[in-house]
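Hi,

Here is the structure I said I would pass on. Have a look at it first, and my notes come after.

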Amino acid sequence: MTLNDDSFTDWKNREEIAESMIPMIGKLHRERDVTILLHSRSLVNKSVVSILKTHRFARQIAGEELSVTETLPFLQALTTLDLGPSQIDIGMLAATYRADDRGLSVVDFTAEAVAGAAGANKIDRREPRDVVLYGFGRIGRLVARLLIEKSGSGNGLRLRAVVVRGGGDQDLVKRASLLRRDSVHGQFQGTITVDEANSKIIANGNEITVIYADDPTEVDYTAYGISNAILIDNTGKWRDREGLAKHLRPGVDKVVLTAPGKGDVPNIVHGVNHDTIKPDERILSCASCTTNAIVPPLKAMADEYGVLRGHVETVHSFTNDQNLLDNYHKADRRGRSAPLNMVITETGAASAVAKALPDLKAPITGSSIRVPVPDVSIAILSLRLGRETSRDEVLEYLREVSLTSPLKRQIDFTTAPDAVSMDFIGSRHASIIDAGATKVDGDNAILYLWYDNEFGYSCQVVRVVQHVSGVEYPTYPAPAV
């Protein structure tokens with residue numbers, strides 16, 4: 001047998017193991033509301049090849065490839081436990097088991113590591129919480145995809161309606177088509193049908209009523225059987241408390257804005273300050289995509305090294321707010337053709353840091369350049385630190401933050417030497433640290449942070465909605481504090 005034959009046989013064996021994992025992952029998700037993760041990446045509804053690629057990607061952050069032969073025993077052990085709703089990271093289980101010297105079996109170690117989610121300790125399943133999307137643009141449709149994907153066993157969040165302005169003939173069909181196919185993010189994973197008689201889009205069995213209205217005050221959501229809903233405003237038309245309060249109609253309990261809030265509207269970056277949301281707060285903002293990208297690594301650096309001052313320069317993909325060709329625009333420069341130019345513009349992300357990190361007293365400035373790519377941006381975060389350090393120390397620290405800290409869902413880490421923006425389309429993290437581009441000189445550090453300004457941000461929005469709705473389930477093993 002040749003070496004090539006050995007490699008091929010090994011691949012086929014790993015394929016077989018990954019295939020055996022799929023029904024276990026699916027059953028845990030459907031029947032117990034357990035989401036299986038691998039280093040913060042969900043394995044639910046993934047193909048054989050996707051599972052193998054996710055295992056291989058572990059080498060980018062953990063330093064070595066993780067094999068399905070190593071994680072399978074932990075997954076098998078989980079199927080024998082009386083688990084409640086939770087997220088369980090089998091990559092972290094494998095890593096912590098390797099570091100444990102007590103000689104426990106995989107079954108005993110797993111039972112101990114997830115004890116908080118099993119038996120008498122498990123939490124009850126939550127009743128489904130209604131969600132309404134006000135607006136159905138780029139972020140609205142991606143949030144819809146995520147909500148549909150996460151509907152799982154039928155518990156948790158349930159997308160009930162989308163509110164849009166009437167668009168004329170074939171409106172419903174066209175909106176369903178935009179949900180079904182996306183030029184950047186690809187095909188919807190599942191099936192979509194249209195019920196024009198009842199003004200509904202049915203996606204993977206989720207019946208979504210399309211409500212036509214020109215103003216929030218026109219809608220009574222209880223007329224559609226919707227109650228105690230969380231409404232996500234994707235339009236950005238109203239950004240202060242007075243404007244957003246228009247959404248507090250019959251059937252709506254809370255309003256979440258997918259843009260920076262103004263005035264006293266709390267700006268929330270999940271993973272950083274989501275635990276400051278007051279239970280009786282009915283209106284809040286998820287800040288901007290760039291704020292979500294820079295605040296988690298900024299917090300991580302401030303916690304370890306201290307930050308005296310900083311500047312962020314974002315190289316940002318163009319958005320619908322710009323023109324395809326030169327035409328009038330109320331803002332400076334944005335009237336120039338987006339696909340043909342680099343366009344200098346402003347960013348409010350730097351000033352928004354103060355709302356998400358009020359304890360950080362360091363002045364942070366910022367500016368932005370829009371460039372001719374449709375998605376994925378990069379933030380260059382230049383920091384003056386409170387003490388001197390080295391590049392190796394910073395990278396090892398940030399790698400560990402991405403693996404084991406409470407910020408591991410927000411911060412990702414890559415060592416790929418040839419990584420470019422398109423590689424990060426579909427990333428579910430708020431930002432990805434590019435290790436190869438990182439620069440450190442004494443007390444000066446420059447971090448290059450990739451972020452999918454559409455999908456990664458939408459994931460942050462959904463996390464905030466899960467938190468305020470009470471369906472954000474705990475993760476095991478618990479991240480290091």
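Below is what I found, going from the sheet to a helix, then the salt bridges and a surface patch.

One thing to keep in mind from the start: this is a predicted model.

**The sheet**

A good place to begin is the open sheet of 8 strands, which has mixed pairing and the order β8-β9-β10-β5-β4-β11-β12-β13. Its edges are β8 (192–195) and β13 (283–285), each of which pairs on one side only. On average, neighbouring strands here are turned by 25° against each other, direction ignored.

Now find strand β10 (residues 206–212). Is it enclosed or open? Of its 7 residues, 5 are buried, so β10 is largely enclosed by the rest of the structure. On one side β10 pairs with strand β9 (residues 200–203), antiparallel, over 4 bridges. In that pairing, I202 stands opposite E207 of β10. The two strands make a hairpin with 2 residues between them, and N204 in the turn has a positive phi of about 50°.

β10 also pairs with strand β5 (residues 157–164), this time parallel and through 4 bridges. Here A161 sits opposite T209 of β10. If you stay on A161, you can step on to the next strand, since V132 stands opposite A161 in β5. That takes you into strand β4 (residues 129–134), which runs parallel to β5 and is joined to it by 6 bridges.

**A helix to look at**

Next, go to helix α9 (residues 289–305). How far apart should its ends be? With 17 residues at 1.5 Å a residue, α9 should span 24 Å, and the end C-alpha atoms are 25 Å apart, which agrees. The helix is mostly covered, with 13 of its 17 residues buried. Just after α9 comes G306, which takes a positive phi of about 75°.

**Salt bridges**

How many salt bridges does the structure hold? I get 26. Three of them are worth a closer look.

- R41 and D412 meet through their side chains at 2.3 Å, N to O. This pair links distant parts of the chain: R41 is in strand β2 (residues 41–42) and D412 in strand β18 (residues 411–414), 371 residues apart. Both R41 and D412 are buried.
- R175 and D171 form a salt bridge, with their closest N and O atoms 2.9 Å apart. They are 4 residues apart in helix α7 (residues 171–180), so about one helical turn separates R175 from D171. In general, an α-helix has 3.6 residues a turn, so residues three or four places apart point the same way. Both R175 and D171 are buried.
- D100 and R102 meet at 3.0 Å, N to O. D100 is partly exposed, because its relative accessible area is 25%. R102 counts as partly exposed too, at 45% relative accessibility.

**A patch on the surface**

Last, turn to the outside. Which residues make up the nonpolar patch on the surface? They are L324, L325 and L340, with about 380 Å² of accessible area together. L325 lies in the loop between β14 (307–317) and β15 (343–345). Is L325 buried or exposed? With a relative accessible area of 61%, L325 is exposed.

If you want one path through the model, start at the β9 and β10 hairpin, cross to β5 and go on to β4.

Cheers

Notes
Residues numbered from 1 in each chain as written. Predicted model: local features only at pLDDT ≥ 70, side-chain atom pairs only at ≥ 80, totals over all residues. Heavy atoms only, no water. Patch = residues over 30% accessible without salt bridge, like charges linked within 9 Å, V, L, I, M, F, W, Y side chains within 5 Å. Areas by Shrake-Rupley, 256 points an atom, 1.4 Å probe, with all protein chains shown as cover. Salt bridge = Lys/Arg side-chain N within 4 Å of Asp/Glu carboxyl O. Buried < 20%, exposed > 50% of the residue type's maximum accessible area, 1.4 Å probe, protein only. Expected span 1.5 Å × (residues − 1). Pairing = 2+ DSSP bridges. Axes fitted to C-alpha atoms, helices over the stretch in contact; angles between N-to-C directions.
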